[in-house]
Amino acid sequence: MRTFAKITFFYLTNKEMQKEYNFAVFCNDYRRDEIKPYIERIRRYAAENNCTVSEEPSSADGADFAVSLGGDGTFLRTALKVGSRGVPIIGVNMGRLGFLSDVMPGEIEKALDDVRNGQYIVEHHTVIQVVADGKVLSVSPYALNDVAVSKRDSASMISIRTFVNGEFLVNYQADGLIVSTPTGSTAYSLSNGGPIIVPQSGSLCITPVAPHSLNIRPIVVSDTSEIRMEVESRNHSFLVAVDGRSEKVSEGTVLTITRAPYTIGIVRRGPQRYFSTLREKLLWGADTRQR
């Protein structure tokens, strides 16, 4: 095994290829009937290749690989289940965009073959964590994509006094504020005018949501930074969403966001194709004048 720039390359011996792997399979509960045939394909493959499958375990304990069957939402839930266990995730795209997953449903058996034969790499993606007044939230504090602070439905704008490494940055007057990882830079942050950040770049982006000032723009900081927020709201409360898992928080609560002590490993079956993924899935640079 060799590691370069947070990407791990695997080289397996014939003996290691014969190992009995345990695949933990996670799927979209709302599409279980549609996805069930694909789970059966994985079970059949496992039975034929001396492997085991656990479906929707409470965590990825004991698994060699986690398999995410669904869209990006399912992938984020799988990452939450994996947590700090270091289990790489194989993403099977059954959603609309599937930016995080690069295995198509018809390629499941081939992807599992590639994994068993050592023909894959693992990309290590940054995770961030948020604490409130030094305590964890009731939802999981860890996010692969982003942590977002926002006003409640009927509230007016909120005031978000923000510090980076203890230094005052700015007092955002806005509908919200997003702190995203490079992985999450193509999600909620991008839709609010944030930049696309290449994975493994060691950065975080702070992106305002509907700022009430024309001279407020997203800013990129090191992922070693500590970002602190003090929020004021006329409703005396606001929302914190951690990869979409929301919790109401009282005004005056101080939020602190830092890099988590672990990363999430994503299985890729070949060389990085990040820029081609941008072109294909986000239509990056698409121009009908060019043929």
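# Notebook: cores, spaces and salt bridges

**Entry 1, helix α6.** I began with α6, where the buried residues are Tyr-274, Ser-276, Thr-277 and Leu-278. The model I am reading is a predicted one. Just past the end of α6 I looked at Leu-283, which has a positive phi of about 55°.

**Entry 2, the nonpolar cores.** Next I looked up the largest nonpolar core and found that it has 27 residues. Val-149, Met-229 and Val-240 are the ones with the most contacts inside this core. I noted which strands supply at least two residues each: β7 (121-132), β10 (146-150), β11 (158-164), β13 (176-180), β14 (203-209), β16 (227-232), β17 (237-242) and β19. Apart from this core lies another, of 25 residues. Phe-23, Leu-69, Tyr-120 and Val-122 are among the residues of that other core.

I then followed Val-240 on its own. Residues up to four places away in sequence were not counted. Val-240 touches Leu-137, Val-147, Ala-148 and Val-149, and also Arg-245, Ser-246, Glu-247, Val-249 and Leu-255.

**Entry 3, Thr-256.** Strand β19 covers residues 254-268, and I picked Thr-256 within it. Is Thr-256 buried or exposed? Its relative accessibility is 18%, so I entered Thr-256 as buried, the limit for buried being under 20%. Leaving aside neighbours within four places in sequence, I listed its contacts as Gln-129, Val-130, Val-131, Glu-226, Ile-227 and Arg-228.

**Entry 4, salt bridges.** How many salt bridges does a search of the whole structure find? The search gives 12. I wrote down three pairs in detail.

The first pair in my notes is Asp-61 with Arg-85, whose side chains meet in a salt bridge at 2.5 Å, N to O. Asp-61 lies in the loop between β4 (52-55) and β5 (65-70), and Arg-85 lies in the loop between α3 and β6 (89-93), so the pair ties together parts 24 residues apart in sequence. I have Asp-61 as exposed, at 55% relative accessibility. Arg-85 is partly exposed, with a relative accessible area of 39%.

The next pair is Arg-269 with Asp-114, where the closest N and O atoms are 3.4 Å apart. This salt bridge links distant parts of the chain, 155 residues apart. Arg-269 sits in the loop between β19 and α6 (274-281), while Asp-114 sits in helix α4 (residues 108-116). For accessibility, I put Arg-269 down as partly exposed at 25%. Asp-114 is buried, with a relative accessible area of 6%. Which residues are linked with Asp-114 and Arg-269 in a network of salt bridges? I found Glu-107 and Lys-110 in that network.

The last pair I noted is Glu-230 with Arg-228, which meet through their side chains at 3.8 Å, N to O. Both of these came out as partly exposed: Glu-230 has a relative accessibility of 29%, and Arg-228 has 22%. Arg-228 had already appeared in my list of contacts of Thr-256.

**Entry 5, cavities.** I then turned to enclosed space. The structure holds three cavities of 30 Å³ or more. About 70 Å³ of space lies in the largest cavity. Its lining consists of Leu-76, Ala-79, Leu-80, Val-127, Tyr-142, Ala-143, Leu-144, Asp-243, Arg-245, Tyr-262 and Ile-264. Arg-245 was also on my list of residues that Val-240 touches.

Which elements each supply at least two residues of this lining? They are α3 (72-82), β9 (142-143) and β19. The largest share, three residues, comes from α3. Sorted by class, the lining of the largest cavity has nine nonpolar residues, two charged and no polar ones.

**Entry 6, the largest pocket.** Finally I looked up the largest pocket, which has a volume of about 510 Å³. I counted 24 residues in its lining, as listed for this model. Gly-71, Asp-72, Gly-73, Thr-74 and Leu-76 lie nearest the centre of the pocket. Here too the largest share of the lining comes from α3, with five residues. The lining residues of this pocket divide into nine polar, eight nonpolar and seven charged. Leu-76 is in my notes twice, since Leu-76 also lines the largest cavity.

Terms used
Residues numbered from 1 in each chain as written. Predicted model: local features only at pLDDT ≥ 70, side-chain atom pairs only at ≥ 80, totals over all residues. Heavy atoms only, no water. Helix = DSSP H or I, 4+ residues; strand = E, 2+ residues; numbered from the N terminus. Buried < 20%, exposed > 50% of the residue type's maximum accessible area, 1.4 Å probe, protein only. Contact = heavy atoms within 4.5 Å. 1 Å grid on protein atoms, 1.4 Å probe; cavity = no way out; pocket = protein on both sides within 12 Å on 5 of 7 lines; lining within 4 Å. Points joined across faces, edges and corners; volume = space filled by probe spheres on them. Nonpolar A, V, L, I, M, F, W, Y, C, P; charged D, E, K, R; others polar. Core = buried A, V, L, I, M, F, W, Y, C linked by side-chain atoms within 4.5 Å.
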